[in-house]
Amino acid sequence: MIRFDEVTFTYPGAGRPALRDVGLHIAEGELCLVTGRTGVGKSTLLGAVNGLVPRFTGGRLHGRVSVAGQSTENFPPQEFAHLVGVVGQDPLAGFVTDTVEEELAYGMEQLRLRPEVMRKRVEETLDLLGIAELRRRALRTLSGGQQQRVAIGSVLTTHPRVLVLDEPTSALDPTAAEDVLAAIIRLVHDLGTTVLVAEHRVERVVQYADRLLHLDGDGGVRDGHPADLMADSDVAPPVVRLGRLAGWRPLPLSVRDARRRAGELRARLAAHTPAPAGAAPGAVRLTARRVTVAHGPTIAVRELDLDLRRGEVTALMGRNGSGKSSLLWALQGSGPRRSGTVDVAGTDPGTASARTARSLVGLVPQTASDLLYLETVAAECAQSDRESTAPPGTCRALLDSLAPGIPGTRHPRDLSEGQKLALVLAVQLAAAPGVVLLDEPTRGLDYHAKRRFTDVVRELAAQGRSVVVATHDVEFVAGAADRVVVLAEGEIVADGPTAEVVVSSPAFAPQVAKVLAPQPWLTVEQIVRALATEEVPT
Amino acid sequence: MTYRLLPFGRPLPRTVHPGAWWLWALCLATCAGRTTNPLLLIMILAVCGYVVVRRRGDAPWALAFRMYVLLGAFIVTMRVVFRIVFGGGQGEHILFTLPQLPLPEWAAGIRLFGPVAAEQLLGGCYDGLRLATMLVCVGAANALANPKRMLKTLPGALYEIGTAVVVALTFAPQLVESVLRVRRARRLRAGGQKGLRALRGILVPVLEDALNRSLALAAAMASHGYGRTGRTAPGARLLTGFLVITGLLGVCAGLYGVMDAASPRYLGAPMLLAGLAVATTGFLLGGRRLRRTRYRPDRWRPGEAVVVGSGLLAAALMSVTTKVNAAHLYPSLNPLTWPEVSLLPTVAILLGALPAWLAPPPELAAEPAPHGTAAPAATGARVGEPVA
């Protein structure tokens, strides 16, 4: 169905090719997962399928990409609309119309289908994706998971034979991600659609994939069965790392496979208890009482009480739209707060000046790059020192401790997601706040960057700061957080130590916990440490 | 399809053709344009408001009506304020006297402040109210009909222009949203800059965001098949473009000729007609070339005829009034009299309210429960809000 013949692609001005001598043949009805670290060219590979690369990106493509015999060399992306459906990373950015029904019909209008065919297909697609009740809703008012399903629906109506999805579940909470994945799997199984999907959160998709394409970072693509490639992949989900550790063959890819083999490991671990992530938390740094945030008629946060302690990492979880971001902004003092009090060392950051608020509570927002506007990293650091009245070099030193080796002359936009996050964090830490709030920091980070970031967060806590991370990423929470607070409709529905809250929850439990339940293990690292102490005496 | 033209025959909920609402609103606006009588104008406002409340949907654009009303109030206020500040001394009923500002010689003829007469204030009020009413009529059309659907009813050859306008309309609120987001983020850094430097801190991220979005949108539209030309020969495309552009240039030259008495005669009406003909040919050719269909197009049905009919009837009666009995349409300010209302214009305006009962009601977005699984993503998004 999709054929790459000796494809080499180089971005304009790039020293080396993003794809090198890629030869692939993807058969009809395959679900193909594309993995690799951030920036290795996953999106490039996906974009090449219908010719958006190089026609919309520039650069030179050698070789031939064809879908159902039609080559991207001879036809623009428009002429692939009936063959290839493409869903980008941010569904909202790709919406052309403004209501669900019109968006579903848009592609068909372009393909000149008859009105009665369009009507029928819209109804079928609404049912297939379970979004029939949303048909007249405005697209901007939908939640992330609903938007993603509408975006998939809008390309499905033209009955494409290939579906290309770039990070379809990265921004979604675990439940919404499962809805989207269920829809995709249904397409593969019922309609025989060929699906090519790139995903950072490999743990969500790998168990369903027929085939894995792994990009090594040097432009090459390794192609094979998921279980074979995962044996030494540099982006491996926890369940795979657990399998490697325990020496299971073939490697389990799903929690179910792993759990069926985990009896022996569970027996071995029964003698151990997981080491706590950090030291016991200290004095209270921030006290919030009856905090309420309202956006128009919607109550985002409802009379919420929260205490944040020194040296504690708190994870804030809950579905999209449950009030996590609103709460963080209200705690920092820059966001709206309808009523309630926030107290940090005797001062309310909501009524203090922006400068004082910043030295009490630092916030890294969801779109971290909103904070960056200068041309070089060095200029951003210098500006941050001035803003924080810190001695020159403070921000740069912080940046080097978070992510060493970023050249000062680099433009902030050219940094990788992880480096950008480190820069914004350094900019905020220059004011030396005692409380640090992070809104969805792990979006767009691969496993390595996430592990590094986990260390950064633990280090901040070890320095006596209180850290709050709002996130959907259960694996990150398992590794980094001492305490989990779950929000629903602006209220706290669970609050306690990570192991307690997370292990019992079907949606928020990390893979290791699911495999080893009822034992309270959360991460592979904990097990490595426990087994290491066991092997020393023998 | 049975449609009973009776007040108690309740029409089925459906979307009314946006063109019908626009025509209705324009008719009411012409009514407003023919009078300065505040009683009649307020009646028109009431009719617009009532129809909007009864027949608007729950989409975001439907909620913009309030903005138009506020803008109207602002216009009236400004008119009155201007009359106080610059008002000449017309009128005998002096309400109060403000200290007059002495102005230099060269500004002779302009007076700042001074005595304020009732006639002067009322004149400003009537004028402002007329303008505000016309604006509210347009606002009513915007609230009742999706502006984007209106653009979609454009002929095929204008499709590209329509799409561009639709995209621009979508981008405006997104741009506002990014500005708000970035400004909030600025406070996080406590930049404390003023003026140009602060502006730069906001503009750079916002513009970058907008550029990224437009690239993503362009790519998405292309992948959806926007601009598929199929197997049209490049020559045909070139010909269409040439015809349209030449024709429009001809229209421009023709208009100039018509308006400028000194230009030669052939540059006037003949040029205009020739230009129009060439451009139309281009549009028709282009329309035939485009391969596109419409999903659930709005059709012209009896409901639409009722809406337009009520508007036209109102406008026609009003126009008759100006011929027959125009005295009450422009209440006298000198001597100052109480505005009076006669039967004919009242009936005309009340006819305009008929769509409140006779037009098909809109289909509301499903999910009457305000707390669905989806919390509104955007702040201030108001979904499922009960209408009226």
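Which residue takes a positive phi just after α1(A)? I started there. G51(A) does, with a phi of about 90 degrees. I note at the outset that this is a predicted model.

**Entry: helix α1 and what follows**

I looked at α1(A) itself next. This helix covers residues 42–49 of chain A. Seven of its eight residues are buried, so I logged the helix as mostly covered. The buried set is K42(A), T44(A), L45(A), L46(A), G47(A), A48(A) and V49(A). I noted that a lysine, K42(A), is one of them.

Then I moved along to helix α2, residues 52–55 of chain A, where P54(A) is found. The peptide bond joining V53(A) and P54(A) is cis, with omega at about 5 degrees.

**Entry: the whole chain**

I stepped back to chain A. I counted 21 helices and 19 strands. The radius of gyration is 24 Å, close to the 24 Å that the globule rule gives for 538 residues, so chain A is as compact as a globular protein of that length. Its C-alpha atoms fill a box of roughly 70 × 60 × 50 Å along the principal axes. Buried residues account for 56% of the 538. I also checked contacts with a separation of 6 or more: 69% of them join residues 24 or more positions apart.

I looked up the UniProt record too. An unreviewed entry places "domain: ABC transporter" at residues 2–242 and 286–514 of chain A. I compared the two spans in the model. Residues 2–242 are 34% helix and 23% strand, with end C-alpha atoms 34 Å apart. Residues 286–514 are 36% helix and 26% strand, and there the end C-alpha atoms are 33 Å apart.

**Entry: strand β1 and its partners**

I traced β1(A), residues 2–10. It runs antiparallel to β2(A), residues 19–26, and five bridges join the two. R3(A) has H25(A) as its bridge partner in β2(A). β1(A) also pairs with β4(A), residues 60–67, again in the antiparallel sense, over seven bridges. In that pairing T10(A) is matched with R60(A).

**Entry: the six-stranded sheet**

What is the strand order in the open sheet of six strands? I read β6-β7-β8-β3-β9-β10 in chain A, with mixed pairing. The edges are β6 (84–87) and β10 (221–224), each paired on one side only. Neighbouring strands are turned by 15 degrees against each other on average, direction ignored.

I followed the β6 edge. β6(A) pairs with β7(A), residues 162–166, in the parallel sense over four bridges. V84(A) stands opposite V162(A). Helix α5(A), residues 144–156, lies across β6 and β7, running at about 160 degrees to β6(A).

I picked L165(A) as a probe, since its place is in β7(A). Is L165(A) buried or exposed? It has 25 C-beta neighbours inside 10 Å, and 20 are enough, so L165(A) counts as buried. Leaving aside neighbours within four places in sequence, L165(A) is in contact with V87(A), V195(A) and V197(A). V87(A) is 78 residues away in sequence, yet 5.0 Å away C-alpha to C-alpha.

**Entry: the side facing chain B**

I turned to the other chain. 57 residues of chain A are in contact with 51 residues of chain B. α3 (100–110), α4 (115–128) and α13 (354–360) of chain A each supply at least two residues to this side. The largest share, seven residues, comes from α3(A). The residues on the chain A side divide into 23 nonpolar, 17 polar and 17 charged.

**Entry: backbone oddities**

Most residues other than glycine have a negative phi, and most peptide bonds are trans. I listed exceptions.

- R249(A) and P250(A) are joined by a cis peptide bond, with omega about -10 degrees. P250(A) sits in the loop between α9 (238–246) and α10 (255–261).
- A345(A) has a positive phi near 50 degrees. This alanine lies in the loop between β14 (339–344) and α13. A345(A) is exposed, with 10 other C-beta atoms within 10 Å.
- A432(A) has a positive phi near 55 degrees. I found A432(A) in the loop between α16 (417–429) and β16 (435–439). A432(A) is partly exposed, with 15 other C-beta atoms within 10 Å.

Technical notes
Residues are numbered from 1 along each chain as its sequence is written. Chains are lettered from A and ligands numbered from 1 in the order in which they are written. This is a predicted model: local features need pLDDT of at least 70, side-chain atom pairs count only at pLDDT 80 or more; totals for chains, interfaces and linings use all residues. Two strands pair if DSSP finds at least two bridges between them. Axes are lines fitted to C-alpha atoms, for helices over the stretch in contact, and angles run from 0 to 180 degrees between N-to-C directions. Two residues are in contact if their C-beta atoms, placed from the backbone, lie within 7 Å. The radius of gyration is taken over C-alpha atoms; the globule rule is 2.2 Å times the number of residues to the power 0.38. A residue is buried if 20 or more other C-beta atoms lie within 10 Å of its own, exposed if 12 or fewer, and partly exposed in between; C-beta atoms are placed from the backbone. Ala, Val, Leu, Ile, Met, Phe, Trp, Tyr, Cys and Pro count as nonpolar, Asp, Glu, Lys and Arg as charged, and the others, Gly among them, as polar. UniProt positions are given in the numbering used here, feature names are shortened, and annotations may be inferred rather than shown by experiment.
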